[in-house]
Amino acid sequence: QIFRYNSIVRTNACSVTAGEGRGMLRILHPALATMNHSCVVNTRVFKRKDHVVCVRAQTPILKGQEIFNKYTSFFAGQIERAQLIQDNWHFSCSCPRCKDPSDLGSNFDSLHCAVCQGSMFPDGNDLSSPWVCGKCGDTMPREKVKVLEDKLTRKIRNSAGDLKLLEALFVENLNLFHTNHHLLVNTKVQIILEFGKLMEAQAQVGKSWSLKQVKRKVDLCCQVLDVMNRIEPGLSDIKSLVMYEMSAPKLMLLQYNLGTGKQELMEVKQEMENLIVTIKNVCNNHEVFEEGKDEKIITTAKALLKDAKDFYNEAVLSRTA
């Protein structure tokens, strides 16, 4: 009987923090435990301080459509997801992502073939599936792919917090891993966050951001968001974070481009309208999904939204009238 209860908790409970410095708890929410997993999720689960959970739709859910939860991290690749799901929940995922070797066209697990530089994809979703080149048919055993991914994971961990090391690590691995491979996307997000810290420190001492910094950060954010739009539909927490990091430098870049004639007025108008929607989504994420727990980000995002609307009305719309 004890073994049965332990198995129920192990398979169905979720991990939550017990508070700063107090470790983790395993809590069984009966209703939450009935939700099936999909790597393309349509809900978000918010855990409150009292351990009550709130499930909200991340994407529109039609009547009769199944409501899914996601048991794995956004950054988990196919090898990690398949092993984690098998070890903890004892099934093999057959969601749209796991059935598509290209991961819905995102190349989230793609490698470059050493023979012809074509794209190599996992040939199936079981725990022994190799990677196969779609161009020349060359194969790479799953075990070797795991060794390569584990090696890069350690390098990423050792480079954490160092912008120059992360940038160098990203460039040196482009020959082997697709630029949208989950480990390089992880690296891009870390670079984005390090740019954020650097640019915030510069702003605090009155130092202007360089155009090179702004362009690099915006470009990386756009690359990551393009991947997320394929495999992480709706407003997820990590997508909101990248949107937040992109918003201020994107506004600055559009202001510069309009002022210097680098972009046409109507192009800036369209991009400004998209940016305003993006910042509204950031506000919505923190006020609704995150229930206002980070007041600093909400205040910053709302101030940025006002700046964006002012620029749009005064510098863009006034010239199109």
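**Exercise 1. The position and surroundings of L28**

In which loop is L28 found? Determine also whether L28 is buried or exposed, or in between, and which residues make a nonpolar surface patch.

*Solution.* The model examined here is predicted.
- Step 1. L28 lies in the loop between β2 (24–27) and α2 (30–33).
- Step 2. The relative accessibility of L28 is 37%. Partly exposed residues fall between the buried limit of under 20% and the exposed limit of over 50%, so L28 counts as partly exposed.
- Step 3. L28 contributes to a nonpolar surface patch together with Y5, I8 and V9. The area of this patch is about 310 Å².

**Exercise 2. Cysteines and disulfides**

Establish how many disulfides the model contains, and explain why C136 is not bonded to C116.

*Solution.*
- Step 1. The criterion is a pair of cysteine sulfur atoms within 2.5 Å.
- Step 2. For C136, the closest cysteine sulfur belongs to C116, at 3.6 Å. This is too far for a bond, so C136 and C116 are not joined.
- Step 3. C222 is likewise in no disulfide, as the nearest cysteine sulfur, that of C221, is 7.0 Å away.
- Step 4. The count by this rule is zero disulfides.
- Step 5. As to accessibility, C136 is partly exposed, with a relative accessible area of 38%, and C222 is partly exposed at 36%.

**Exercise 3. An open sheet**

Describe the strand order of the open sheet of four strands, and identify which strands stand at the edges.

*Solution.*
- Step 1. The order is β7-β8-β9-β10, and the pairing is antiparallel.
- Step 2. β7 (111–112) and β10 (139–140) each have a single partner strand. One side of each is therefore left without a neighbour in the sheet, which places both at the edges.
- Step 3. Strands of a sheet pair through backbone hydrogen bonds, either parallel or antiparallel.
- Step 4. β7 is joined to β8 (residues 119–122) by two bridges, and these strands run antiparallel. H112 has S119 in β8 as its bridge partner.

**Exercise 4. The chain as a whole**

State how many helices and strands the chain has, and assess its compactness against the globule rule.

*Solution.*
- Step 1. The secondary structure comprises 11 helices and 10 strands.
- Step 2. The radius of gyration is 22 Å, close to the 20 Å that the globule rule gives for 321 residues. The chain is therefore as compact as a globular protein of that length.
- Step 3. Along the principal axes, the C-alpha atoms fill a box of roughly 70 × 55 × 45 Å.
- Step 4. Of the 321 residues in the chain, 43% are buried.

Terms used. Residues numbered from 1 in each chain as written. Predicted model: local features only at pLDDT ≥ 70, side-chain atom pairs only at ≥ 80, totals over all residues. Heavy atoms only, no water. Buried < 20%, exposed > 50% of the residue type's maximum accessible area, 1.4 Å probe, protein only. Patch = residues over 30% accessible without salt bridge, like charges linked within 9 Å, V, L, I, M, F, W, Y side chains within 5 Å. Areas by Shrake-Rupley, 256 points an atom, 1.4 Å probe, with all protein chains shown as cover. Salt bridge = Lys/Arg side-chain N within 4 Å of Asp/Glu carboxyl O. Pairing = 2+ DSSP bridges. Rg over C-alpha atoms; globule rule 2.2 N^0.38 Å.
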